[in-house]
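Reader: I would like a close look at one buried spot in this chain and how it sits within the whole. Could you walk me through it?

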Amino acid sequence: MVYDFDLLYKEYSARIYKLCLSYSGDRFFADDLHQETWIAVWNSLPKFRNESKISTWIYRIAINTCLVGLKKEKNKAENSEVILSKLVHEETYDNSKEINRLYECISKLKESERIIITLVLEEKPYEEIAEITGITENNLRVKIHRIKKELQQIYKHYGRI
């Protein structure tokens, strides 16, 4: 099967951006990760072997790009808390304060938890999330339950519940 890059970009770009944002907690960094993801998709698309859903493959590329990007960021002197505080005070053009608060809370989760909850928010089926993250569906259900509890605690910290 041959995929049209433009159609894939139109269909998945917004979702991948949200993944990058929840992973990075910073809009500028998310922009970079989003762009790097789509460059990787562009370069690798001819090699896609149809062994998984195209969406799963794209999410996997995005997650790998985020992991590599975060690793590079950790090597830099800038503290992630500083980046996060920029996001908190940053007014955005298309998101409400509540959505920003949610992303801020998500960015406080562990890396693997960020991936999972972002995919849950994207309403991906558990089977696909399990495939993307490489864990069993049963383990995924347990993790989602724990992540939701932790996210609630983080959210309460901000006096929202």
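**A buried acidic residue and its surroundings**

Author: Happily! In this predicted model, Glu-113 is buried, yet it forms no salt bridge. The nearest side chain of opposite charge belongs to Lys-110, at 4.5 Å, while a salt bridge needs a side-chain nitrogen within 4 Å of a carboxyl oxygen. Glu-113 is found in helix H6. If we set aside its neighbours within four places in sequence, Glu-113 is in contact with Ile-147 and Glu-150.

Now let us step back to the chain as a whole. The chain has eight helices and zero strands, so to speak a run of α-α-α-α-α-α-α-α when read along the sequence. Of its 161 residues, 44% count as buried. The exposed surface comes to about 9700 Å², with carbon and sulfur atoms supplying 51% of it.

The largest nonpolar core is a good place to go next. This core has 43 residues, and those with the most contacts inside it are Ile-16, Trp-38, Ile-54, Trp-57 and Ile-58. Among the elements that give two or more residues to this core are helix H6 (111–121), helix H1 (5–24), helix H2 (27–44), helix H3 (54–75) and helix H8 (137–157). Take Ile-16 as an example: beyond its neighbours within four places in sequence, Ile-16 is in contact with His-34, Thr-37, Trp-38, Ile-58, Tyr-59 and Ala-62.

Finally, contacts across the sequence: among those in the chain with a separation of 6 or more, 67% are between residues 24 or more positions apart.

Technical notes:
Residues numbered from 1 in each chain as written. Predicted model: local features only at pLDDT ≥ 70, side-chain atom pairs only at ≥ 80, totals over all residues. Heavy atoms only, no water. Core = buried A, V, L, I, M, F, W, Y, C linked by side-chain atoms within 4.5 Å. Buried < 20%, exposed > 50% of the residue type's maximum accessible area, 1.4 Å probe, protein only. Helix = DSSP H or I, 4+ residues; strand = E, 2+ residues; numbered from the N terminus. Contact = heavy atoms within 4.5 Å. Lys, Arg positive; Asp, Glu negative; His and termini not counted. Areas by Shrake-Rupley, 256 points an atom, 1.4 Å probe, with all protein chains shown as cover.
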